[in-house]
Amino acid sequence: MFMFPNENGLSNEEVKRRQERDGPNFLPERPPPGKLSLVIQQLKSPLVYVLFFAALVTLAIGHFSDTAIILLAVFINTILGYVQESKATNALLALKRYVTNQAVVIREGKRVTVNTAEIVSGDLVILDQGARIPADGKLIFANRLYIDESVLTGESVPAGKVKDNEVFMGTTVSSGQAMMAVTAIGAATKMGSIAQQIQEPEEETPLQRQLKSFSKQLVAVVGVLTIMVFTIGALYRFSLTEIFVTSVALAVSSIPEGLLVSLTVVLAIGMQKIVKHRGLVRKLSAAETLGGVTIICVDKTGTLTQGKMEVVNYIGEREKLAEQVLLANDLDDPIVISAFAWGRTIITDFVSEHQRLDSIPFSPKERFFVSLHKWSADKNMIYVNGAPELLLQWTTLSEEEKKEICSTIENLTKQGKRLIGFARKEAPATQVSLEAADAKAGLTWTGILAFSDPVRLGVKEALRLAIGAGIKIAVVTGDYQKTAEYVLSELNISVQENEIITGEELKKLTVAELAQKVKTIRLFARTTPDQKLKIVEALKRNGEVVAMMGDGVNDAPALHKADIGIVVGEATDVAKESADLVLLDSNFSTIVKAIEEGRAMFENIRKNILYLLCDAFQEIFVVVGGMLLGLPLPISAVQILWINLVSDGFPNLALTIDPKRTAIMKERPRPPAERLVNKWMITLIGSVSVIAGLAALLSFIVIYKTTGNLLLARSFAFFTLGLNSLAYVFSVRALMIPFWQNHLFENKWLIFAVLAGFGLQVLPFSTATLRQFFGLQELSYPYWVTAIFLSISMFFVVEVFKLVYRIGAVKRRLR
C-alpha cells in the first residue's frame, strides 16, 4: 500500500492568517439575483420607462384614474416577470453541484477533513481515487496517478501525473494516490480565471435590442405628436390646459400599455412549454432568441448519441475476452465499464477466484493497461489491454496474421467504432509486481472488442426538422474525424472533405480567416474546448445567431459569447452560469423543440404588437384628426386606457397563448437584422389604423354636427373604436394567411376573450356612476347596430389588405 511522506503541513495559526489574507477558496461567480434585484430587472425595459413617463404626466395634471391604470400595467408585468425568472433561478440552483465539498488536508502533523472553502495556499492535500481536486497545486508525491481533466481540456482519457506536475481545481482523480501542495485558491486558480471571464455583462439579446429600438421609435412618435399638439393649439388659440390634456391623451394613445404585459406573458408561457420538453431557459429575454437561431453548434457525444459506449462486436474467443474484461479492469472509464457489463453477461463469479496482485493504469502516452493476477498454484497471468495496433506488435502472431488483423482494425475504425485490443501471457507464480516491459513482448493475442455510442432515439427526426427549418448544423467534437463522420452517416448526413476542419487547422487560423472558411464547415473534429470561442466569434462575424453547446469549464467563455449557450444538466457549475438553456435530458431533440417554441414566441409577440399598435394608432388618428378639424377631443384619455388595457386586454392575452402553426418549422429563420416591426407590418398597421380611425372620426363628426351632443358623439366613437379591435383580432392571429386557413376555433381562449372584451366595452354604459366616470351617455339601439356593422367591416378590410400583400409578395418572388 502506498505510504504518504511524513509531512506536518501548516499550523492552525498560519492557516487562519492566510484565510484572512487571501479569503475563502470560492470560485468567482455572479451571486444568484435577490428578490429585489429580480424585481428591478423587470423594470429595466425601455417600454417601462415610457409608461412611467406617461404616468408622471397624468399624475401632474391630476388625471389619477389614468395614472392608476398605467401603473397597474407596470405592476402586472413586474409580477409576471418576477415569478417566472424566480422559478428559473431556483431550478438552476437546484441543479448546481459545487466543485467539491470537503477535502483531506495535513495540518500540524494530523490528517483533518475540512470544507474546501477553508483551504489555503500552502495546504497539503491528500488525493485518493474519486477525489475532486479542491484547488490548484503541485504534486509532492504521486503513485500511478491519473487525473480526469476533461472539464478543463475536453480530453476524456485521464492524464498521467508524476511528482512536480501541476494539478488543477475541479479535475478528478481517476486512479492512484498523491499528495499536493496548494499553490492557488479561488479566483487565482485556472478554473477561477475562466470563471472571471464570464463575469462581464452579458450581451443584449436580439429581442432586447429590437425592443430598445422600438421603444425609441415610440418615444419619438410621442415627441412629434406633442410638438404637433402645441403647434396646433397655438394656431387655434386653445388654452394651455386644453393643450396639456390633449397631449396626455395623445401620449396615452401612442403607448400600447398592454404590450408590456403581453410580451412578458408570451415569454413566460414559452419558458414553461420548453420546460415540458426537458429544457430550462434561465432568462425570459433568452427564450425568444431561440426562435432566431440560424446555426446550432452541437457536441456529438451524449447529445447526438446516447453518451454511453456499448460493445457491438468482438473478434476472438468470446469466453477469453469476457475473462479478461472482468479481471483486467479498473472501471475508471465509461468504455471499460461497458466492457465489464458485457463480460458479466457471459461469465459470473469469476473475479474472486483470481486475485489481482499488481497493475499499471492506462496512460495516454503508453496507450495500454496491464494487470497481474493469481491464476493457479504454479503460474500467474499477465493481461494487457490497449490500442490493438500497438498490442499486435508485441504478440507472437505471424506477420500474415498481424496484417489480417490490421485490415479488420482499419475496417472497424472506418465504421466509427472505438476498439480495445486484448492480449495475455503467463508469468511465474513467484512474480507479484509489474514493470512496463512485462507488457511489451511475448504476448498471446486474445482479440478485439468494438464499441459504439448509439445514436439517440428521435435525433434523426430532430435533425431533419432543423435542417428543413433552414437551421445549419455544425458538429463540434473532440473525437476523431472518422468516428464523427460515421455517426453523421448514421443520421443520414453526408459530409464532404471540404466541409471538415480539425483542431490542428483551427490553431493556424485567425478569427477573421476562420470567418471566411467557416461558411462551408459542417464538422469541427479533434477540437479543444478553448477553440469553441474562436468558432463562435467567427460565426457571429458572419451575422449568424449562434447556439453553442458545451459542458466543461473551458466551454464557459464560448457559451457566454454565443447568442444561446446550451449545457447539459450534468455540466459544471461554471458552464451553467454562462448558459441560457440547460438540457435536463441532454438530448438534441430538446434543442430543436426549444427553437420551435422560440419561433412561436416571436410570432405571438408580433401578433400582439400588430394588434395593439393598430389599436393605438387608430386612436391617434381620431385624436389628431379631431384637433386638426378644430373639434373637441373625440375620445378621452381614460377611455383610451380602458380600450387598450381592459376591453382589448383579454384578446391581447389570448394571443399570447395562440397555438403555433404546423408549418412554423418548414420556414427559414428570420434574418437576424430584420426589425421586430418590419415593413409589411408597418404598412398593415398604417392601413388598418387610418381606415378604423377614419370610420370612428367620421361617425363622431356626423353625430356631433347633427345633434350638437358631445357626450353622445364621444360615446359612439369610444364604442366603435373598442369593437374594431375585437373584430380584426381574428385576422391578426393569422399574419400571412387568410383567417379561415388558421383553424379559427383552435384558440378557444380567443373566442372567450372577444366575448369578454365585448362585455367589458359595454360595461362603462351600464350604470350612471360608470357613465359619469368615463364621460359617456346611453346609446340607443340604432347606434349599437351601426357600431357593430362598422367593426365587422374592419375585419374584412384587414383580410383584403393581407390578400394584396400576399399577391405583391408572390410577384416580388417571381421577378
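Start by selecting the open sheet of eight strands, whose order is S8-S21-S20-S19-S9-S16-S18-S17, with mixed pairing. Keep in mind as you go that this is a predicted model. Now colour the two edges of the sheet: strand S8 (279-281) and strand S17 (500-502) each have a single partner strand, so one side of each has no neighbour in the sheet. Look along the strands as well, and you will see that neighbours are turned against each other by 15° on average, direction ignored.

**Into the sheet: S9, S16 and S18**

Next, select strand S9 (residues 295-298) together with strand S16 (residues 472-476); the two pair in the parallel sense over four bridges. Show the residues Cys-297 and Ala-474, the latter in S16, and you will find them opposite each other. Ile-296 also has a bridge partner in S16, namely Ile-473.

Stay with S16 and add S18: this pair is parallel too, joined over two bridges. Here Val-476 has Phe-524 of S18 as its bridge partner. Is S16 enclosed or open to the outside? Four of its five residues are buried, so S16 is largely enclosed by the rest of the structure.

**Helices on the sheet**

Bring in the helices that pack on this sheet. Select helix H17 (residues 481-490), which touches S16, S17 and strand S18 (523-525). The direction of H17 makes about 145° with that of S18. Then select helix H20 (residues 529-541), which also packs on the sheet and touches S9, S16, S18 and strand S19 (546-549). Compare the direction of H20 with that of S19, and the angle is about 170°.

**A pair of helices: H25 and H28**

Now move to helix H25 (residues 649-656) and helix H28 (residues 748-762), whose axes come within 7 Å and cross at roughly 165°. H25 and H28 are therefore roughly antiparallel to each other. The crossing in which H25 passes H28 is right-handed. To see the contact, show Phe-650, Pro-651 and Ala-654 on H25, then Trp-749, Leu-750, Ala-753, Val-754, Ala-756 and Leu-760 on H28. What is the character of the residues in this contact of H25 with H28? They divide into nine nonpolar, no polar and no charged.

From H25, follow the chain into the loop that leads to helix H26 (679-707), and pick out Arg-670 there. Is Arg-670 buried or exposed? At 19% relative accessibility, Arg-670 counts as buried, because the cut-off is under 20%. Not counting residues up to four places away in sequence, Arg-670 touches Glu-288, Gly-291, Gly-292 and Phe-602.

**Strand S3 and its partners**

Select strand S3 (residues 124-127) next. Both faces of S3 are covered: Leu-124 and Ile-126 are buried on one side, and Val-125 and Leu-127 are buried on the other. Add strand S1 (residues 102-107), which pairs with S3 in the antiparallel sense over three bridges. In this pairing, Ile-106 stands opposite Leu-124 of S3. Then add strand S7 (residues 172-184), which runs antiparallel to S3 and is joined to S3 by four bridges. Look for Leu-127 opposite Ala-178, the latter in S7.

**Last stop: Lys-163**

Finish in the loop between strand S5 (159-161) and strand S6 (166-167), where Lys-163 has its place. Leaving aside neighbours within four places in sequence, Lys-163 is in contact with Leu-139, Ile-140 and Ala-142. For a final distance, draw a line from Lys-163 to Asn-143: they are 20 residues apart in sequence and 8.8 Å apart in space, C-alpha to C-alpha.

Notes:
Residues numbered from 1 in each chain as written. Predicted model: local features only at pLDDT ≥ 70, side-chain atom pairs only at ≥ 80, totals over all residues. Heavy atoms only, no water. Axes fitted to C-alpha atoms, helices over the stretch in contact; angles between N-to-C directions. Parallel < 35°, antiparallel > 145°, perpendicular 65-115°, else oblique. Left-handed = near helix turned anticlockwise from the far one by under 90°. Contact = heavy atoms within 4.5 Å. Nonpolar A, V, L, I, M, F, W, Y, C, P; charged D, E, K, R; others polar. Pairing = 2+ DSSP bridges. Buried < 20%, exposed > 50% of the residue type's maximum accessible area, 1.4 Å probe, protein only.
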